[in-house]
Amino acid sequence: MFAGAAALLGVTAGQAQAAEVAYATKCIPPAGVGLPEVNGTTKVEITAPATAKVGDTVDVVWKFTQAASKNPDIIDLPADSVQPSGTLKAAGAQTAAVAMRGPRENPAIPKGGAMVLSDMKGTLKLTAAGQVALTPDAYVVNAMSTDTRCAPTEPVQPAATITVTAANGGSSSASSSPSPSPDPSDSASPSQSSSPSASNPPSASASATGDSGRTDFTGKVVDVPYTCQSPIGEQKATSPIQINAKKNGGSYDLTVQFKKSVMNSPIDIPADKVKPTMQVVLGGADTGSVTVEGPTNTEVIKQGAPIEIPDLKGAYKPGATGVSTLSPGVLTIEAMGTTTTCTPDSTSVSLTLDTTEQASGASGGSGSSSSSGGSTSTGGDLAETGAGDHGTLKALGLVAGTAVLLGAAVFTFMPGRIRRR
């Protein structure tokens with residue numbers, strides 16, 4: 001089912017290969033928009049090293065040459081409003097579910113136009129010698145803060161194969177025996193963030209793998225660059241974030257901590273007027289997201305005082321058995337009756353857990369996880385829309401001498417002019 005010739009690209013771990021594979025796909029539009037399901041064809045090109053060694057962490061690129069659905073005849077999608085994410089399956093010498101994610105980058109897409117999706121990237125740590133086949137699987141298209149979920153309706157052929165040699169230089173031929181699971185003593189997840197950095201290498205991800213009996217799991221601090229939208233422009237800021245978990249039966253109580261104050265307030269903000277919410281993005285074996293939320297401010301935030309985001313809490317009920325990753329996602333801040341939404345430009349895995357599927361868990365199609373506040377995550381067949389999920393991109397506008405809070409920045413808005421604080 002390969003439709004393209006291999007493209008050779010020089011990389012450290014061996015010559016990269018790229019081949020296209022096409023598969024029938026069903027896409028389920030967001031709930032509440034009145035659109036029918038779409039049956040189409042996805043065409044994907046996977047690029048990965050042709051050869052590597054056990055212990056290597058290799059980069060994998062998923063390129064859409066054709067999405068299964070088009071932009072519906074409802075609205076024009078503006079530039080940089082669409083972001084894809086998905087799962088790539090590894091099989092053969094080892095099995096893994098590789099979390100893939102692309103940037104929110106696209107040209108303007110008119111009503112009825114072909115969906116143009118950015119390249120998704122992910123990493124895979126190789127744990128066994130032999131041949132590892134890479135096969136594209138389900139993916140999600142997030143557009144204007146709503147999710148369209150697409151999944152194969154037929155078996156998909158592998159799009160790339162990595163020949164993995166032993167770390168000592170020995171080789172192994174491809175094996176048709178059952179695929180061994182990744183070494184549970186390895187602290188790194190088989191699927192890693194698509195944006196590893198030198199300060200936060202993939203292998204540093206906290207993991208519950210192989211730690212039976214543990215109840216507390218501490219994630220690593222990751223720097224997440226956010227873009228906050230408003231009618232007066234766009235603001236970017238980076239926040240260090242950590243995701244921690246405490247096992248509670250078959251589920252996990254999550255705590256998300258912001259390690260840095262957002263910004264000093266230019267005005268007095270009354271008590272009980274600021275409430276933050278975040279979507280923790282699931283990857284690896286599991287899919288969907290979990291809503292975590294914090295309490296409102298208990299005291300007046302005085303002018304010049306830090307605007308701090310308190311600990312955000314929620315409950316994660318796994319929807320899959322395997323190695324699942326948790327990454328910071330969309331941050332929503334409600335204040336004084338209005339809402340603003342900040343979306344990550346890229347994100348990194350903060351916590352990796354060895355999960356066991358629970359009834360009505362988070363994995364796509366099998367239910368959802370709810371936060372302590374009762375909000376529902378995007379773990380079902382479709383993401384719910386509105387402020388409880390990614391929310392409509394609204395400005396937090398406090399007009400005529402007050403402020404516009406963008407989650408990572410504060411602007412003072414005066415009649416006739418805008419002054420940036």
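**A predicted all-strand chain: questions and answers**

Trainee: Which residues make the nonpolar surface patch of about 320 Å²?

Mentor: This is a predicted model. In it, a nonpolar patch of about 320 Å² sits on the surface. Its makers are Leu 35, Ile 74, Ile 75 and Met 144.

Trainee: Is Ile 74 buried, partly exposed or exposed?

Mentor: Place Ile 74 before judging its cover. Ile 74 lies in the loop between β4 (57-66) and β5 (82-92). Buried means under 20% relative accessible area, and exposed means over 50%. Ile 74 has 46% relative accessibility, so Ile 74 counts as partly exposed.

Trainee: Which backbone nitrogen lies 2.7 Å from a polar atom of the side chain of Gln 94?

Mentor: Gln 94 is in the loop between β5 and β6 (96-101). Its relative accessibility is 0%, so Gln 94 counts as buried. The side chain of Gln 94 has a polar atom 2.7 Å from the backbone nitrogen of Thr 127.

Trainee: How many helices and strands does the chain have?

Mentor: Take the chain as a whole. Buried residues make up 49% of its 421 residues. As for its elements, the chain has zero helices and 28 strands.

Trainee: What share of the exposed area do carbon and sulfur atoms supply?

Mentor: Start with the total. The chain exposes about 17,500 Å². Of that area, carbon and sulfur atoms supply 52%.

Trainee: What share of contacts between residues at least 6 apart in sequence join residues at least 24 apart?

Mentor: Set aside pairs that are less than 6 apart in sequence. Among the remaining contacts, those joining residues at least 24 apart make up 68%.

Trainee: Are the rings of Trp 62 and Phe 64 stacked, tilted or edge-to-face?

Mentor: The structure holds five aromatic pairs. In one of them, the rings of Trp 62 and Phe 64 have centres 5.5 Å apart. Planes under 30 degrees apart count as stacked, and over 60 as edge-to-face. The planes of Trp 62 and Phe 64 stand at 45°, so this pair is tilted.

Trainee: How many residues apart in sequence are the parts that Phe 64 and Tyr 139 tie together?

Mentor: Phe 64 and Tyr 139 form an edge-to-face pair, 5.0 Å centre to centre with 65° between the planes. Phe 64 lies in strand β4, and Tyr 139 in strand β8 (residues 130-143). The pair therefore ties together parts whose separation in sequence is 75 residues.

Trainee: Which residues form one aromatic cluster, and are they buried or exposed?

Mentor: The cluster is formed by Trp 62, Phe 64 and Tyr 139. Trp 62 has a relative accessible area of 0%. Phe 64 has 10%, and Tyr 139 has 2%. Under 20% means buried, so Trp 62, Phe 64 and Tyr 139 count as buried.

Definitions and conventions: Residues are numbered from 1 along each chain as its sequence is written. This is a predicted model: local features need pLDDT of at least 70, side-chain atom pairs count only at pLDDT 80 or more; totals for chains, interfaces and linings use all residues. Side-chain values use heavy atoms; hydrogens and water are left out. Patches are made of residues with over 30% relative accessible area and no salt bridge: like charges are joined within 9 Å, nonpolar side chains (Val, Leu, Ile, Met, Phe, Trp, Tyr) within 5 Å. Accessible areas come from the Shrake-Rupley method with a 1.4 Å probe; for residues, only the protein chains shown count as cover. A salt bridge is a side-chain nitrogen of Lys or Arg within 4 Å of a carboxyl oxygen of Asp or Glu. Helices (H or I, at least four residues) and strands (E, at least two) are DSSP runs, numbered from the N terminus. Buried means under 20% relative accessible area, exposed over 50%, partly exposed in between (1.4 Å probe, protein chains only). A polar contact is a pair of N or O atoms within 3.5 Å; within protein, one must be able to donate a hydrogen and the other to accept it, and residues adjacent in sequence count only if both atoms are side-chain atoms. Contact means heavy atoms within 4.5 Å. Rings of Phe, Tyr and Trp (its six-membered ring) pair if their centres lie within 6.5 Å; planes under 30 degrees apart count as stacked, over 60 as edge-to-face and the rest as tilted.
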